[in-house]
Amino acid sequence: MDQSVAIQETLAEGEYCTIAVQGVLCKGDSRQSRLLGLVRYRLENGAQEHALFLYTHRRMAITGDDVSLDQIVPLSRDFMLEEVSPDGELYILGSDVTVQLDTAELRLVFQLPFGSHTRMFLQEVARACPGFDPETRDPEFLWLSRHRFAEPDVQSPKPREWNSDPGTRSGFTPIGGGRYQSRNARRGLEDVLLRSSSYILPGGGATEESEFLLARETLGGGTVGGRSARGGLRDEALEEADREMSAGGGSRERDCAGGFNLDSSRPNGRGLLMDQNSGARCQDKPDNFTRQNKSKSEITDMVRSSTITVSDKAHILSMHKFGLRDTIVKSHLVQKEEDYTYIQNFRFFVGTYNVNGQSPKECLRPWLSHSTQAPDVYCVGFQELDLSKEAFFFHDTPKEEEWFKAVSESLHPGAKYAKVKLIRLVGIMLLLYVKQEHAAHISEVEAETVGTGIMGRMGNKGGVAIRFQLHNTSICVVNSHLAAHTEEYERRNQDYKDICSRMQFSQVDSSLPPLTISKHDVILWLGDLNYRIEELDVEKVKMLIEEKAFQTLYAYDQLKIQVAAKTVFEGFTEGELTFQPTYKYDTGSDDWDTSEKCRAPAWCDRVLWKGKNISQLSYQSHMALKTSDHKPVSSVFDIGVRVVNEELYRKTLEEIVRSLDKMENANIPSVSLSKREFCFENVKYMQLQTESFTIHNGQVPCQFEFINKPEEYSYCKQWLTAKPSKGFLLPDSHVEIELELFVNKATATKLNSGEDKIEDILVLHLDRGKDYFLSVTGNYLPSCFGSPIHTLCYMREPILDLPLETVSKLTLMPVQTADDRSQLENPMEIPKELWMMVDYLYRNAIHQEDLFQQPGLRTEFEHIRDCLDTGMIDNLCASNHSVAEALLLFLESLPEPVICYSTYHNCLECSGNYTASKQVISTLPTFHKNVFNYLMAFLQELLKNSAKNHLDENILASIFGSLLLRNPAGRQKLDMVEKKKAQGFIHQFLCSPV
Amino acid sequence: MAKKTYDLLFKLLLIGDSGVGKTCVLFRFSDDAFNTTFISTIGIDFKIKTVELQGKKIKLQIWDTAGQERFHTITTSYYRGAMGIMLVYDITNGKSFENISKWLRNIDEHANEDVERMLLGNKCDMDDKRVVPKSKGEQIAREHGIRFFETSAKANINIEKAFLTLAEDILRKTPVKEPNSENVDISSGGGVTGWKSKCC
């Protein structure tokens with residue numbers, strides 16, 4: 001659909017819409033649909049100027065009525081329209097194209113649909129940009145001034161106005177005109193208000209011009225325009241003037257029928273040109289937009305997430321968007337309606353009466369209560385209730401009360417009725433009553449009016465409607481008074497279409513778009529539809545009526561012909577016309593019109609219906625009533641209404657809720673684990689053990705993660721790692737998780753002492769789902785690695801030969817207690833394990849090059865560790881480098897370094913002062929002092945062989961400095977100054993005799 | 001007014017010794033079914049069920065916890081955020097009844113102060129193996145001022161009643177918001193986050 005056609009309809013002469021695209025205007029979080037039209041204007045000198053016209057629109061724009069100009073952005077020199085990539089979003093092929101519009105004054109962001117049309121649009125806009133050629137004149141955009149909205153200062157265009165928000169405009173601008181082109185309607189209104197009588201329209205068709213001339217004259221002083229001014233205009237004003245004259249009561253004043261008594265100073269909207277109703281609609285407009293936007297964004301949300309997964313509906317359910325679940329329940333209820341409702345017939349009385357401005361003079365019972373059975377529902381419509389100009393201008397009429405009373409008094413005496421609603425637009429009134437006992441089952445009553453009269457807006461013609469819900473069936477009753485005159489059937493058709501498209505009922509749920517007439521189960525349409533009998537002359541018509549040859553006559557009925565041509569009332573049914581035409585009689589009689597005009601009789605007053613389970617019981621006119629030049633018409637229907645069986649409804653609702661619950665439960669992420677208990681046996685120092693298991697996912701994509709237990713800083717103990725510890729699983733997929741257990745110097749001591757155990761529980765958490773507990777158990781084999789010096793000195797046996805309790809007790813023993821030799825027996829001078837390693841090196845590695853500087857082998861380390869822990873030193877068979885590294889690891893893993901933490905700072909201070917340094921060493925606990933002296937002696941021994949092993953004091957000081965002296969604050973800390981001092985401290989001892 | 005499908009979300013928790021039938025109680029309520037094979041719950045499971053009380057649609061999110069002793073320190077961390085706790089024992093298992101006071105202490109220590117508590121004596125269909133008289137259950141419930149039901153997930157006795165009563169008790173304490181404030185979610189967070197929702 002090329003929407004530029006619709007835009008073109010709103011443009012003035014010389015303006016041409018080259019291309020249009022429908023996009024979404026993004027302002028913050030708000031998303032509003034806009035129609036973007038590139039408009040070209042050819043100047044007199046042949047040059048062209050361009051502007052981007054932005055329209056709001058009520059649907060896919062087909063005609064000018066559907067669009068409403070929102071703002072205009074001239075393609076000036078600083079205009080730029082560029083494609084941008086939205087923040088943080090990956091570009092996906094086929095997604096919307098985001099473009100940014102920049103000018104000196106504003107920046108707008110639009111999303112345009114992906115595709116060639118958008119490409120073409122962007123190219124056209126780029127081509128239309130004026131460029132920077134200094135030769136060409138700056139575009140002036142004088143032509144745009146005509147599009148600006150009501151503003152007294154016409155001459156100097158301000159950019160602000162082009163960007164003005166639709167909501168801030170004057171109340172009567174936004175609605176497009178009915179059968180007149182909206183451009184003219186709007187401009188006409190504004191200009192009429194603003195300009196003097198000398199205003200001349202720049203263009204437009206003859207009819208329109210006449211309209212505006214009429215307006216101008218009125219403004220020009222309210223003088224009588226006269227017929228000549230209007231020329232051949234077939235306007236309702238004329239018709240009414242005619243009527244007045246023929247009725248003999250008309251003054252010429254009434255010729256200003258359009259009510260162009262424009263008093264713009266009137267503070268409320270009542271006296272203004274637009275009827276109240278349309279004024280109210282204008283104010284509603286911004287609301288409507290947000291409403292539609294909201295529902296749209298919800299829809300987009302659903303659409304977007306539906307691309308993620310098939311079981312998307314349940315995903316939405318589990319989110320905390322209750323509204324969505326509600327929508328699903330509602331749609332299920334609609335689908336299952338037949339399960340909990342049954343059809344019950346209700347009797348409807350539908351009546352229409354054009355009363356020709358008269359007051360009720362006779363009892364209406366012959367019309368309203370002609371049947372024996374009291375109807376359940378009364379739908380009574382009037383037209384031409386009041387023809388006075390007060391009714392037209394001020395919308396007030398005493399007739400409303402009079403006729404309401406007359407109807408109320410003439411309802412069927414066999415039942416009590418409650419008035420549901422009264423709605424009136426000038427002379428078109430609709431009354432809805434129900435039997436009192438049904439009142440409780442009437443809901444969602446809304447009433448609206450649409451004027452299609454003068455200028456396509458006024459209430460002298462048009463329709464009123466009441467929509468409601470009777471039990472579970474939605475019903476819309478429309479009363480319309482369509483355009484008059486035999487030859488104007490096309491305007492009648494158009495009036496019908498305008499009523500259909502512009503009649504919008506707001507919904508209880510404000511997130512839903514407004515309801516239209518067609519969205520109802522049952523539509524009852526009554527009124528003075530004004531269709532005439534064509535082709536036959538008056539006498540022939542009267543003769544056929546005389547013969548009661550209604551069938552023959554019906555063939556010439558315009559409504560029949562138009563319905564058959566599918567130009568109006570599509571899908572509606574009308575009963576057979578078995579009564580004579582209801583128009584036009586001499587008032588007070590059953591005689592055909594004898595006035596000068598001598599109008600041909602016609603079936604102006606009709607009742608049509610649309611919907612299922614409707615049967616017409618009668619369709620007739622009521623000749624007995626003589627108040628008007630029309631006869632009233634009635635039709636009685638039996639209408640099958642869906643009535644809810646409360647018990648079945650409750651059951652159905654419950655089933656739906658259950659099924660949604662079930663779906664939601666089924667969509668809680670759930671996995672199965674191949675293993676939940678993990679046992680790590682005989683874990684050794686620095687020996688990796690691995691256990692693995694598999695997570696099998698169910699039907700729901702899920703994210704898993706091991707989560708921290710309360711008051712813990714990681715999801716498991718320090719000696720354990722899960723790989724991977726988090727991830728994402730597609731339905732039916734699986735992942736293997738490895739649990740790695742590794743004990744190092746940081747964790748070994750507490751495992752030796754029993755303060756820690758190989759025991760842990762891991763919590764595997766599924767996002768939006770369950771938690772699984774995994775148990776880890778096992779046992780640790782104590783090792784000399786990670787044991788304190790004094791503990792080892794008290795272990796005369798290999799550590800693995802000792803009972804766990806003894807190891808634990810000795811490990812927990814404070815170093816001060818250890819010094820008090822009286823309490824314990826026979827400690828060794830230094831740990832035997834240290835002696836074993838040093839002795840091995842002394843015997844085998846004294847000449848070894850690069851000693852302590854080459855890495856050992858991991859397997860040999862494990863062998864060395866086992867030999868030390870089991871005391872099988874004789875079996876030790878390893879490379880010198882491995883043993884040297886084991887020695888370094890041993891020193892490194894000491895929980896309390898050889899130079900105790902408490903002495904660390906003293907040592908650094910004494911660094912460079914050998915005497916003081918020796919003094920500090922003498923304060924160490926005995927076993928630590930022993931170890932220190934032993935190691936220094938060994939290192940000096942190595943240095944004696946430096947010719948062979950190439951070791952020197954600096955190398956050894958640097959290696960052992962950081963092992964023997966460790967900063968109590970943080971072992972990782974690498975302060976160069978401290979490191980230098982620590983090396984210096986060791987260096988002194990390597991150079992001097994012990 | 002258009003009715004909302006549910007107006008409130010209540011988070012309930014089932015606790016009690018291993019094997020007393022917590023999972024079966026939940027399964028009966030959510031799926032109206034019973035499974036005789038015992039599979040120990042090792043972790044935290046949950047199901048939802050929508051109920052209507054006093055014209056309000058209420059979504060119950062019911063958490064089932066592992067009863068085994070070794071998991072107690074972990075499971076107590078799930079108490080926070082629960083608006084109602086069902087403490088279940090087995091009328092054929094004296095030990096499970098003796099542990100009630102320990103469980104109640106756990107609630108005092110770890111749950112929200114205003115949590116609604118309820119005591120259930122499950123497996124009441126197995127009267128021949130009963131070791132805890134109903135009166136003892138009633139007595140301890142009275143002492144702590146909480147409601148008590150004897151239930152059977154297997155024979156479907158009092159299960160629905162217990163849940164609805166608990167939900168009603170919570171509803172009674174819930175400040176009523178005007179229908180205008182749509183989609184009231186009074187349980188702060190309300191998400192399935194376990195203790196992660198706890199602010200650290």
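**Entry 1, second pocket.** I looked up the second largest pocket in this predicted model and noted a volume of about 1200 Å³. Its lining is made up of 46 residues, and those closest to the pocket centre are Thr23(B), Cys24(B), Thr37(B), Ile39(B) and Thr41(B). When I asked which elements give two or more residues to this lining, I found helix H19 (646-666), strand E22 (671-673) and strand E30 (771-780) in chain A, together with helix H1 (22-31), strand E2 (43-53) and strand E3 (56-65) in chain B. I sorted the lining residues by character and recorded 18 nonpolar, 18 polar and 10 charged.

**Entry 2, aromatic pairs.** Over all chains I count 40 aromatic pairs. I examined Tyr496(A) and Trp525(A), whose ring centres are 5.0 Å apart with planes at 45°, so I entered the pair as tilted. Tyr496(A) belongs to helix H15 (residues 489-502) of chain A and Trp525(A) to strand E17 (residues 522-528) of chain A, so the pair ties together parts that are 29 residues apart in sequence. Tyr496(A) is buried at 9% relative accessibility, and Trp525(A) is buried with a relative accessible area of 0%.

I then turned to Phe706(A) and Tyr715(A), which form a stacked pair at 5.7 Å centre to centre with 25° between the planes. Phe706(A) is buried at 2% relative accessible area, and Tyr715(A) also counts as buried, at 15%.

**Entry 3, cluster and charges over rings.** I noted one aromatic cluster formed by Phe349(A), Tyr353(A), Trp367(A), Tyr378(A), Phe382(A), Trp403(A) and Tyr417(A). Looking for charges over rings, I found Arg492(A) over the face of Tyr531(A), 5.1 Å from the ring centre, and Lys631(A) over the face of Tyr585(A), 4.9 Å from the ring centre.

Key. Residues are numbered from 1 along each chain as its sequence is written. Chains are lettered from A and ligands numbered from 1 in the order in which they are written. This is a predicted model: local features need pLDDT of at least 70, side-chain atom pairs count only at pLDDT 80 or more; totals for chains, interfaces and linings use all residues. Side-chain values use heavy atoms; hydrogens and water are left out. On a 1 Å grid over the protein atoms alone, a cavity is a set of points where a 1.4 Å probe fits but cannot get out, and a pocket is an open set with protein on both sides within 12 Å along at least five of seven lines; lining residues have an atom within 4 Å of a point. Grid points are joined across faces, edges and corners, and a volume is the space filled by probe spheres set on the points. Helices (H or I, at least four residues) and strands (E, at least two) are DSSP runs, numbered from the N terminus. Ala, Val, Leu, Ile, Met, Phe, Trp, Tyr, Cys and Pro count as nonpolar, Asp, Glu, Lys and Arg as charged, and the others, Gly among them, as polar. Rings of Phe, Tyr and Trp (its six-membered ring) pair if their centres lie within 6.5 Å; planes under 30 degrees apart count as stacked, over 60 as edge-to-face and the rest as tilted. Buried means under 20% relative accessible area, exposed over 50%, partly exposed in between (1.4 Å probe, protein chains only). A charge sits over a ring if NZ of Lys or CZ of Arg is within 6 Å of the ring centre and within 35 degrees of the ring normal.
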